[in-house]
Every structure is written in structure tokens, then in C-alpha cells.
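Reader: I work at the bench and would like to learn how to read the features of a protein model, one at a time. Could you take me through the structure below?

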Amino acid sequence: MRNRLLGFCLLLLAASPVFAVDSDSDLNNDPYENYNRHAFKLNQTLDKIFFKPIATVYKTILPWPITKGISNFFSNLEQVPTIINDLLQGEFYDATSDTWRLLINSTVGVAGFVDVASRIDLPAHHQDFGLTLAKWGYTSSAYLIVPILGPRTVRDAVSWPINYGIFSVYPYINDVAWRNGLTWGSFINARAQLLDFDQAIKQASFDPYIFQRNAYLQRRNYLIRENNNLITDEDNDEDNDDMPE
């Protein structure tokens, strides 16, 4: 099954146009806007009737130290695909650092619920297969909204099954109940982290679709430039300005 999945994704990649340089013009790279807006409305509806209510209850009934620990736990699991992508990108120093983060937080940090590694100055990194493809040339890609998964690009949508289905720990958990519980738990935890941004998006004077698209593409563009050592002090200042207080 995983071999068929890998072959299918590689076929899609081979059929996708690959551009040499990522640029600011990618922030408006939305040739599928008509479809994307329909998918956006679908995701908004699913979020309103399912994901947001569950995330709200989750964040309301659990005290902050527990939700923080759960968030740390899922971030620790994400270190596995991050390490693999570090290696695929040839970033061996980061791979070593991230491996130490995983080992320390999984043991001393009690399965990752306590982020001990950050306290000893081991920085957290995030890498995925979409960023790996960008590292090796597939930098420019059209915006695409995937039902349930949300905003992506064509590159990121194609790479997600590899990052999740091959690189992550979830498919290798034999117990179906545990595997499904952890998978959905990661979705709910991620949605809960975004609850504080809902009001800002709702009060935006412009189109929420455009807001989400620009925020996603700007962030991915920044990460791609960072991986290719193209970040300037001005880029860092702009990125910090976009972060919530």
C-alpha cells in the first residue's frame, strides 16, 4: 500500500511543473481560485459544525498546563518526519539537533509532554516533505485548498501523503483505536491552537479567503527562503510583525 502511495505521489510530481525560483509573485499564485473558494466554504462549514465546537470544548474544559503538555506531545511526534526531511535536505547538523530533541523530550520530558530540550537551548525546527521538494528545486507552486486538510499548494498537497503516510509515526501504530485517536487528536489540538485567531479573521475588513491564502503562502515562502539561506534582516522583521503578540 505504501509503495503504491509513493508511486502515485511521484507520478503526480513528475506531471507537475517545477520552477527554479520562489518569488513574491507566488503570494498571488492562485489559478484554481474558483475551485479553492468552494473548498474553502466546505471547510468553513465542516469547521463550524464539527472541528471548532470540539476544539472549543477541549480548550475550555482542560486547564492550560494540560493542553500545553498535549501540544508538546504532538510536537514531539512531529520531530520524526522533521528528522527524516532534515536528512533528505542534507541538513545533518539540524538532523542531529532534532534527534537529540526527540530523545531528550521522549525520555526526560515524559513522552514529550514537557519540552525539556528547549530549556537546554535545543531549538525546535519544523520540516516536511513539501519543504524538502522546495529545497531541491520545486519552489514555486499554485495555491490549493484540500477538503479537511485546508490550505496547501499543489506541491504541499502531493507531498502530504508521503510526509504523513510514510515518514510519520501514525501509520506504524498497530492498534487501530490508538492510531485513529492520535490522528484525530492531532487535528483537534492543531485546531485549538488557532481559536485565538478566529476573531481577528472574522473582523478582517477584506475577504477571509484572501486572508487565509496570503497568510499561508507568505509563511511557506518564508520557510522556503529560510531553507535556502535567502532570509534577510528585513524578512525577519516582517515575519515578526506578522506574529501575534
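Author: What follows is a short tour, from the overall layout to single residues. Please keep in mind throughout that this is a predicted model.

Reader: Let me begin with the layout: how many helices and strands are there in the protein?

Author: The protein has 12 helices and 2 strands, and read from the N terminus the elements follow the order α-α-α-α-α-α-α-β-β-α-α-α-α-α. Of the 245 residues in the protein, 42% are buried. If one takes the contacts between residues at least 6 apart in sequence, 70% of them join residues at least 24 apart.

Reader: Which residues have the most contacts inside the largest nonpolar core?

Author: The general idea comes first: in soluble globular proteins, nonpolar side chains tend to be buried together. Here the largest nonpolar core has 13 residues, and those with the most contacts inside it are Tyr58, Phe73, Phe74, Leu77, Tyr170 and Leu182. Helix H2 (33-61), helix H3 and helix H9 (176-193) are the elements that give two or more residues to this core, and the largest share, 4 residues, comes from H3. Tyr170 shows how such a residue is surrounded: apart from neighbours within four places in sequence, Tyr170 is in contact with Phe74, Leu77, Glu78, Tyr164, Arg179, Leu182, Thr183 and Ser186. There is also a second, separate core of 12 residues, which includes Tyr138, Ala142, Val154 and Ala157.

Reader: At what angle do the axes of H2 and H9 cross?

Author: The axes of H2 and H9 cross at roughly 80° and come within 9 Å. Angles of 65 to 115 degrees count as roughly perpendicular, and H2 and H9 are therefore roughly perpendicular to each other. On the H2 side the contact is made by Asp47, Phe50, Phe51, Lys52, Ile54, Ala55, Tyr58 and Lys59, and on the H9 side by Trp184, Ile188, Asn189, Arg191 and Ala192.

Reader: Why is the pair of Tyr143 and Tyr209 called edge-to-face?

Author: A pair of aromatic rings is described by the distance of the centres and the angle of the planes. The count here comes to 12 aromatic pairs. For Tyr143 and Tyr209 the ring centres are 6.2 Å apart and the planes stand at 70°, so the pair is edge-to-face, the cut-off for that class being over 60 degrees. This pair links distant parts of the chain, as Tyr143 is in strand E1 (residues 143-146) and Tyr209 in helix H11 (residues 208-227), 66 residues apart. Both Tyr143 and Tyr209 are buried, and ring pairs link them with Phe40 and Tyr216 into a cluster.

Reader: How do the rings of Trp160 and Tyr164 form a pair, stacked or edge-to-face?

Author: Trp160 and Tyr164 are stacked, with 5.0 Å from centre to centre and 0° between the planes. An α-helix has 3.6 residues a turn, so residues three or four places apart point the same way. Trp160 and Tyr164 both lie in helix H8, 4 residues apart, which is about one turn of the helix. Trp160 is partly exposed, with a relative accessible area of 30%, and Tyr164 counts as partly exposed at 24%.

Reader: Which residues of helix H4 are buried, and what covers them?

Author: In H4, which spans residues 79-88, the buried residues are Gln79, Pro81, Thr82, Ile83, Asn85 and Asp86. Their cover includes helix H3 (64-77), helix H5 (92-107), helix H7 (129-135) and helix H8 (154-167). Pro81 counts as buried at 1% relative accessibility, and, neighbours within four places in sequence left aside, Pro81 is in contact with Gln127, Asn163, Phe167 and Ser168. Just after H4, Gly90 takes a positive phi of about 80°.

Reader: Finally, where does Ser141 lie, and is Ser141 buried or exposed?

Author: Ser141 lies in the loop between H7 and E1 and counts as buried, at 6% relative accessibility. Residues up to four places away not being counted, Ser141 touches Asn29, Thr153, Val154 and Arg155. Asn29 is 112 residues from Ser141 along the chain, yet their C-alpha atoms are separated by 7.3 Å. Arg155 has a further partner, since the charged end of Arg155 sits over the ring of Tyr138, 6.0 Å from its centre.

Notes
Residues are numbered from 1 along each chain as its sequence is written. Side-chain values use heavy atoms; hydrogens and water are left out. Buried means under 20% relative accessible area, exposed over 50%, partly exposed in between (1.4 Å probe, protein chains only). Contact means heavy atoms within 4.5 Å. A nonpolar core is a set of buried Ala, Val, Leu, Ile, Met, Phe, Trp, Tyr and Cys residues joined through side-chain atoms within 4.5 Å. Rings of Phe, Tyr and Trp (its six-membered ring) pair if their centres lie within 6.5 Å; planes under 30 degrees apart count as stacked, over 60 as edge-to-face and the rest as tilted. A charge sits over a ring if NZ of Lys or CZ of Arg is within 6 Å of the ring centre and within 35 degrees of the ring normal. Axes are lines fitted to C-alpha atoms, for helices over the stretch in contact, and angles run from 0 to 180 degrees between N-to-C directions. Angles under 35 degrees count as roughly parallel, over 145 as roughly antiparallel, 65 to 115 as roughly perpendicular and the rest as oblique.
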